[in-house]
Amino acid sequence: MKLFLLGLLILVCGYFLYGKIIEKIFGPDDREVPAKKNYDGLDYLVLPDWKNKLIQLLNIAGVGPVIGVIIGIKFGEIVFLLIPIGCILAGAVHDFTAGMMSLRNEGANLTGLIKLTTGKKVYIIFSLFLIIALLLVVAVFITTPAQLLAGLLQCKYGLIGSVIAIFIYYVAATLFPVDKIIGRVYPLFGGLLLLGTVILFGKLMYESFADSSLLVESTGFKQGKFTSPVIPMLFVTIACGILSGFHATQAPIVARTMSSEHQARGVFFGMMTLEGFIAMVWSAGAMAVYNRAPEWMGKNATMVLHKITSDFLGSNLALVVVLSVIILAITSGDTAMRSLRLSLAEMFRLNQKPITNRLLITVPLIVVVSLLLVWSNVNSKSFNMLWNYFAWSNQVMAVFTFIAGTVYLASRNKPSMVTALPGMFITFVVTSYILWISPEHGGPVGFGLELPYAYMAAGFVAIVVFVWAIMHGKENSGKFEK
């Protein structure tokens, strides 16, 4: 209980103190923003600040801060500290960096920012990787909410019907102007999301003050704890609740609808902090269930989600909360597909104003995603493999964002270590994961090295990459200043 409350305090203080420091380093000013400079009524247009905040929150808050932490809390109480510390020092800095760089570069997508800061060769490699990663994101964020929705509907064709309905919505959100669908439905979705999380938080606090052992590792919980290494496994498992490279693909969507740079801390740093709160609440709910019934530690995370809601909220409120989790996934998947369209349009220089150009990109995406959905729903093994590759590719995207941010800050003679240090850490994490993981270690195909060797190689890679980023930035002093 004490660690949980301390974690919440870290989140609040982190936003008001460290968030101010990061804001001062980037120095938001009164220059003309992309929404006004490049207004097209489709992707570039001004939306109210409150609406931008909700859109950003729902863009980034996928199933990671719910499903991910239900699994991740099995590493123990230390998660109550690692989530807020990682969220403030890495996740929120990452999102703010991506958002501010996009604001200052015509609302550029992540691929454009990578090209600007690292050069054409890295840009080509990253662009190919990003397309694959975003396709995985879309497929995961269709399948997962469809499974949850099918569980609520409990009818013969519930899963198939849910997949088709969600996919059709994604296509519509991808094709139409941002204020016609995303800008109108997100406030409703955001209200349900926040309502569900606050209700669960209130009930957990009420019961925890009556029984302080609810959020402390019980004997049964300790027997079922994960024995795999916290580094790298925890940071790949939880992903979105601590740090997610996917967020950098979403930040430009909102950067194109903001009316001032001064809104950036609230929109980017603030909404990631709020996602950290969501992750804390759901990790606490999972720990409470595992303490009361340790046998649930071996259950599927989706089943545990239903258990949390039924145990703490009752049937009516449970329905609201499960709907809010479904919304989390859907409102990340739709903008992931939109971001994929925008990234491909930027790569091929296709003006997205004409509907024919939008269809030219969207139709092939529909075909590819459909094939992924068919494959991932063949059996649970296929979906687990899809999720594993989604999880680590998500963190690889974060590495590239931190590289771009470090180059940008170093080129402006700003304190680049605020992005370099978390960048080095996540590079170390994802590289050691790829080098260590294997079917023998309980994961997908990797190199299967012994952990000490994976750590040594990952440390070397992390240092080399970010020393290069700092030097490259200094060598191009003033070049990326806008």
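This is a short talk about helix α13, its salt bridges, and a few local features of the chain. The model is a predicted one, and I will keep to what can be computed from its coordinates.

Let me begin with helix α13, which runs through residues 264–292. At 1.5 Å a residue, its 29 residues should span 42 Å, and because the C-alpha atoms at its ends are 42 Å apart, the expected and computed spans agree. The helix nevertheless carries a kink of about 35 degrees, and the centre of that kink is Gly270. As for its surroundings, 27 of the 29 residues of α13 are buried, so that the helix is mostly covered.

Now to the charged side chains. Side chains of opposite charge can pair when their charged atoms come close. A search of the whole structure finds 13 salt bridges, and I will go through three of them.

The first on my list joins Arg265 to Glu23, with 3.4 Å between the closest N and O atoms. Arg265 belongs to helix α13 and Glu23 to helix α1, residues 2–26, and the pair thus links distant parts of the chain, 242 residues apart. Both Arg265 and Glu23 are buried.

Next comes the salt bridge in which the side chains of Glu261 and Arg104 meet, at 3.0 Å from N to O. Glu261 sits in the loop between α12 and α13, while Arg104 sits in the loop between α5 and α6, so this pair ties together parts of the chain that are 157 residues apart in sequence. Are these two residues buried or exposed? Glu261 counts as buried because its relative accessibility is 1%, and Arg104 is buried as well, with a relative accessible area of 5%. The pair also has a wider setting, since Asp29, Arg31, Arg104 and Glu261 are linked in a network of salt bridges.

The remaining pair of the three is Arg292 with Glu207, whose side chains meet at 2.4 Å, N to O. Arg292 lies in helix α13 and Glu207 in helix α9, residues 182–210, so parts that are 85 residues apart in sequence are tied together here. In this pair Arg292 counts as partly exposed, at 45% relative accessibility, whereas Glu207, at 16%, counts as buried.

Let me turn to helix α5, residues 79–103, where we find Met101. Met101 is buried, with a relative accessible area of 1%. If its neighbours within four places in sequence are left aside, Met101 is in contact with Leu113, Thr117, Ala404, Gly405 and Tyr408.

Some backbone details deserve a careful look in the viewer. In the loop between α5 and α6 we find Glu106, which has a phi near 65 degrees, a positive value in a residue other than glycine; Glu106 counts as partly exposed, at 33% relative accessibility. Asn413, in the loop between α16 and α17, also has a positive phi without being a glycine, about 60 degrees, and Asn413 is exposed, with a relative accessible area of 59%. The peptide bond from Ile231 to Pro232 is cis, with omega near 20 degrees, and Pro232 is found in helix α11, residues 230–238.

Finally, the surface. Ile355, Leu359, Val363, Val367, Val368 and Leu371 make a nonpolar surface patch of about 490 Å². One of these residues, Val368, lies in helix α15, residues 355–376, and is partly exposed, with a relative accessible area of 35%.

Key:
Residues numbered from 1 in each chain as written. Predicted model: local features only at pLDDT ≥ 70, side-chain atom pairs only at ≥ 80, totals over all residues. Heavy atoms only, no water. Patch = residues over 30% accessible without salt bridge, like charges linked within 9 Å, V, L, I, M, F, W, Y side chains within 5 Å. Areas by Shrake-Rupley, 256 points an atom, 1.4 Å probe, with all protein chains shown as cover. Salt bridge = Lys/Arg side-chain N within 4 Å of Asp/Glu carboxyl O. Helix = DSSP H or I, 4+ residues; strand = E, 2+ residues; numbered from the N terminus. Buried < 20%, exposed > 50% of the residue type's maximum accessible area, 1.4 Å probe, protein only. Contact = heavy atoms within 4.5 Å. Expected span 1.5 Å × (residues − 1). Bend = angle between axes of the 7 residues up to and from the residue.
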